[in-house]
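Please open the structure in the viewer and keep the selection panel at hand. The tour below proceeds selection by selection.

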Amino acid sequence: MAPASELSPLLGSRPERPVGCSAREWANVLLDAVIARQRWVAYESAQQVHDLVELSAAAGEDPGGVDEFLATELALALGVAESTAGRYLLEAAELTARCPATLNALEQGLISPGKASVICRGTADLTAETTAQVEADVLPAAGSSTVPGLRNAVARSVIRRDPDGAQRRHEQARRRRSVSRRSDLDGMACLSLYGTAQDVAVIWDCLTAAADAGKTEGDDRSIGERRIDALVDVCTDILDRGLLPDRPLPTTQRRRPHLLVTLPASALVNPESGRGEVAELIGHGPITPAQARVIAADATWRRLICDPTSGALLNYGRTTYTPPKALTDFVLTRDRSCVMPGCRQPAHRCDVDHRQPFHPGHTTGGDTSADNLAVLCRRHHRAKDTGGYQLHRTEDGDHHWTTPLGRTYTRAHTRHWEPPETRTATAHLAATRDDDDPPPF
């Protein structure tokens, strides 16, 4: 059923679970409902694009300055940041004028709003003609792709279709390299790094190697925890010594870089009497007294006397069955990553698993061969062995999965090289649908 027809009323009147309906049958009904609702959300998002374009046009006709501050008006109405509202308006205009096939796919429910945004933003500096070529390349498979997979597909197509422009845009983007941070809840924060792909790869591989080296007996930290701990150790060592490998750290106001944490003395000395107090990490925001005490345990303390009413600072004092290596290498290189569709865990961090279990000394079971081995991350390895997921590998090397609900999904074999004659996509998304089949979710 097309999203623009009676899909919404139908979803709104979905019946309760019938008597005698098994859990598996009802789970499939609910999964179909989720898919249909996602198509409806995509359709409504496309209608919002049309509304935003008309809103911009109406604002442009008004002589009272509505057009100049339309993003502000929209941000206030929606309760979003002004930059977000501006992006809504710009993306709506771009989808309508430059990416009509993408907007049409969104309206049909073939792709999600996030995927439409990936295509629109990924082709932002292209002409309408080149954008149409990229859309023809990526839209046929966009519905079944993950957002990261679609982003990579768009990037590949843009480089192929506009090689000179791609390099020019890379050089421009390179000058926007930066590191930023933002505060989060629960005493946490996020550090974002924007740099060239090769620079980020160097940092990532270094942190991963350091994290692996830092794992000890009985260490229950995840790889993510060990990565951040390794990075903190390196930075703390540099700050403590005040030295980079080839030069000292600069000083500001005659001080080396440092952290500053404030918390009430009561919370520092007596945790019970300090219950309900709030500490502050300068540059971040509120943290718990317990978190502040962890920092204070290995720090120089300075007494800050503050006004008890306003909190203003008054005084500042101080105190002081293993496959052979060659076969393993082959399978890792062949699969590159976990063979579950959408999983991006790299092969070297996965298990090399027997699709058909290997039974030593028995004539049944699978053998230790390239055809019977596949790369699986630990989570999807468990899904296959104990979670009811079934994995089949075709002669072409595709990996077919069947879920416990009987749904089937395919992870196509990894292409290590793409012959020139296959690089130009010939399929395109039709501007309208004249068949009665639902979108291929």
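The stops that follow go from the whole chain to a core, two groups of strands, a surface patch and two backbone angles.

**The whole chain.** Begin with everything displayed, bearing in mind that this is a predicted model. The protein chain contains 15 helices and 12 strands. Of its 441 residues, 29% are buried. With a surface display switched on, the exposed area of the protein chain is about 28,900 Å², and carbon and sulfur atoms supply 55% of that area.

**The largest nonpolar core.** Next, select Leu106, Ile111, Leu150 and Val154, and show their side chains. These four have the most contacts inside the largest nonpolar core, a set of 31 residues. To display the helical surroundings, extend the selection to helix H2 (23–61), helix H3 (70–78), helix H4 (82–97), helix H5 (100–108), helix H6 (113–122), helix H7 (128–142) and helix H8 (147–161), the elements that give two or more residues to this core. Which of these elements gives the most to the core? The answer is H2, with five residues.

**The hairpin of E1 and E2.** Move on to strand E1 (residues 178–183) and strand E2, which run antiparallel and are joined by six bridges. To check the register, pick Ser178: its bridge partner in E2 is Tyr194. Five residues lie between the two strands of this hairpin. Now select Asp186, which is placed in the loop between E1 and E2. Its phi is near 60°, a positive value in a residue other than glycine. Most residues other than glycine have a negative phi. Is Asp186 buried or exposed? Its relative accessible area is 73%, so Asp186 counts as exposed, the limit being over 50%.

**A nonpolar surface patch.** Stay in this region of the sequence and select Val179, Leu191, Leu193, Val200 and Ile203. Together, these side chains make a nonpolar surface patch of about 430 Å². Strand E2 (189–194) and helix H10 (197–213) are the elements that give two or more residues to the patch. Centre the view on Ile203, which lies in helix H10. Ile203 has 36% relative accessibility and therefore counts as partly exposed.

**A second positive phi.** Select Arg336 in the loop between helix H14 (325–335) and strand E8 (351–354). Although Arg336 is not a glycine, its phi is positive, at about 65°. The relative accessible area of Arg336 is 43%, which means that this residue is partly exposed.

**The three-stranded sheet.** For the final stop, display strands E10, E11 and E12. They form an open sheet in the order E10-E11-E12, with antiparallel pairing. Why does one side of strand E10 (390–393) and of strand E12 (408–411) lack a neighbour in the sheet? Both strands stand at the edges and each has a single partner strand, so one side of each is left without a neighbour. Viewed across the sheet, neighbouring strands are turned by 25° against each other on average, with direction ignored. Strands of a sheet pair through backbone hydrogen bonds. To inspect one such pairing, restrict the display to E10 and strand E11 (residues 399–402), which pair in the antiparallel sense over four bridges. Finally, label Arg393 and His399: Arg393 stands opposite His399 in E11.

Conventions
Residues are numbered from 1 along each chain as its sequence is written. This is a predicted model: local features need pLDDT of at least 70, side-chain atom pairs count only at pLDDT 80 or more; totals for chains, interfaces and linings use all residues. Side-chain values use heavy atoms; hydrogens and water are left out. Buried means under 20% relative accessible area, exposed over 50%, partly exposed in between (1.4 Å probe, protein chains only). Accessible areas come from the Shrake-Rupley method with a 1.4 Å probe; for residues, only the protein chains shown count as cover. Two strands pair if DSSP finds at least two bridges between them. Axes are lines fitted to C-alpha atoms, for helices over the stretch in contact, and angles run from 0 to 180 degrees between N-to-C directions. Patches are made of residues with over 30% relative accessible area and no salt bridge: like charges are joined within 9 Å, nonpolar side chains (Val, Leu, Ile, Met, Phe, Trp, Tyr) within 5 Å. A salt bridge is a side-chain nitrogen of Lys or Arg within 4 Å of a carboxyl oxygen of Asp or Glu. A nonpolar core is a set of buried Ala, Val, Leu, Ile, Met, Phe, Trp, Tyr and Cys residues joined through side-chain atoms within 4.5 Å.
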